[in-house]
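Visitor: I would like a close look at a single part of this structure, taken slowly and with the cut-offs spelled out. Please take me through one sheet, and then through whatever else helps to place it.

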Amino acid sequence: MSYQLLKENPIAVFDSGMGGISVLRELLKVMPNEDYIFFGDSKNAPYGIKTKEQVNELTCQHADEFFKRGCKALVVACNTATTAAVRNLRNKYPDIPIVGIEPAVKPAALSKEHPTVLVMATPMTIREEKLHNLISRFNDQADIIPLPCPGLMDFVERGDTDSKELEEYLISLLKDYRINKLDAVVLGCTHYPFVKKKIKEVIGDEVLIFDGGYGTAKEARRRLEVAGLRNPRTTKGTVIFENSLGQEKIEQEKALCYMDE
């Protein structure tokens, strides 16, 4: 099936839930004149505990729908879905700009001389070869520790970014890395930036926090420019929010998108 790619068409932004809003916010800063469709698949969240095959199937199904609707590009704003499906999607749709997200291991590893870096991610992202290959590129420049965080994205999905329960979860999760033992933390899931403040409270203000949202937004802009698909409009674009769980989740997505950082 062929697709007509037009400059005026929207960019699809996809996540397993609401975490991809952190990437959408960066896209809106980098390309405010574009139109966006943000889709959160909260009905099937969390992706991080599913098999790679399940995540690939879900992600590809949603991508097919975006392109049938005329989306000119796809940003997979989910580390787990990127790992499972982006390569397959690029093979299937070679003419459509498709951008995944990558944990910000490189800037964290280069942030100082041989830092100790903790990479927080979903269990599936931690298991997959893609992250291990990325970490291995910087093993000579940093001590990099992968840490699976089962259940952390669930706090964001239910709108809990500042509770005592979240604090207790993080204290338990990070008990071996608290205060002065880390130089940097990489947030390897797009949900995690929404609990960044709480993470800093637990591990200390001196620890640098990195996430991949801004780099993903810049890469999306670059790919659209190479493809000649940037919208020439000079006014602000629109955002359509959609979620597989319906209106209540859509309202939560909007609140997250426009909340003060």
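Guide: What follows is a walk through one four-stranded sheet, with some cysteines, a second sheet and a lysine after it. This is a predicted model, in which local features need pLDDT of at least 70 and side-chain atom pairs count only at pLDDT 80 or more, while totals for chains, interfaces and linings use all residues. Residues are numbered from 1 along each chain as its sequence is written, and side-chain values use heavy atoms, with hydrogens and water left out.

The sheet is open and has the strand order β6-β5-β7-β8, with parallel pairing; strands here are DSSP runs of E with at least two residues, helices are runs of H or I with at least four, and both are numbered from the N terminus. Two strands pair if DSSP finds at least two bridges between them. At the edges lie β6 (143–148) and β8 (208–211), each of which pairs on one side only. From one strand to the next the twist averages 20°, where axes are lines fitted to C-alpha atoms, for helices over the stretch in contact, and angles run from 0 to 180 degrees between N-to-C directions.

Strand β5 pairs with β6 in the parallel sense over six bridges, and Thr-116 stands opposite Asp-143 in β6. Four bridges join β5 to β7, again in parallel, with Val-117 opposite Ala-184 in β7. Ala-184 also stands opposite Leu-208 in β8, and β7 (residues 184–187) and β8 pair in the parallel sense over four bridges.

Six of the six residues of β5 are buried, so this strand is largely enclosed by the rest of the structure; buried means under 20% relative accessible area, exposed over 50%, and partly exposed in between, with a 1.4 Å probe and protein chains only. In a regular strand the side chains alternate between the two faces of the sheet. In β5, Thr-116, Leu-118 and Met-120 point one way, whereas Val-117, Val-119 and Ala-121 point the other way, and all are buried. Helix α9 (residues 196–203) lies across β5 (116–121), β7 and β8, and runs at about 150° to β8; contact means heavy atoms within 4.5 Å.

Turning to the cysteines, a disulfide is a pair of cysteine sulfur atoms within 2.5 Å, and by this rule the count comes to zero. The sulfur of Cys-149 is 8.6 Å from the closest cysteine sulfur, in Cys-189, which is too far for a bond. Cys-189 is likewise in no disulfide, as the nearest cysteine sulfur, that of Cys-78, is 6.4 Å away. Cys-149 is buried at 2% relative accessibility, and Cys-189 is buried at 7%.

A second open sheet has five strands in the order β4-β3-β1-β2-β9, with parallel pairing, and its edge strands are β4 (98–99) and β9 (239–243), each pairing on one side only. Within this sheet, four bridges join β1 (residues 11–15) to β3 (residues 73–76) in parallel, and the bridge partner of Phe-14 in β3 is Val-76.

Finally, Lys-249 belongs to helix α11 (residues 247–258) and is buried, with a relative accessible area of 13%. Leaving aside residues up to four places away in sequence, Lys-249 touches Met-18, Ser-42, Glu-157, Arg-158 and Asn-243. A polar atom of the Lys-249 side chain lies 2.3 Å from the backbone oxygen of Glu-157. Lys-249 and Asp-41 are 208 residues apart in sequence and 9.8 Å apart in space, C-alpha to C-alpha.

Notes:
Polar contact = N/O pair within 3.5 Å; in protein donor to acceptor, adjacent residues only side chain to side chain.
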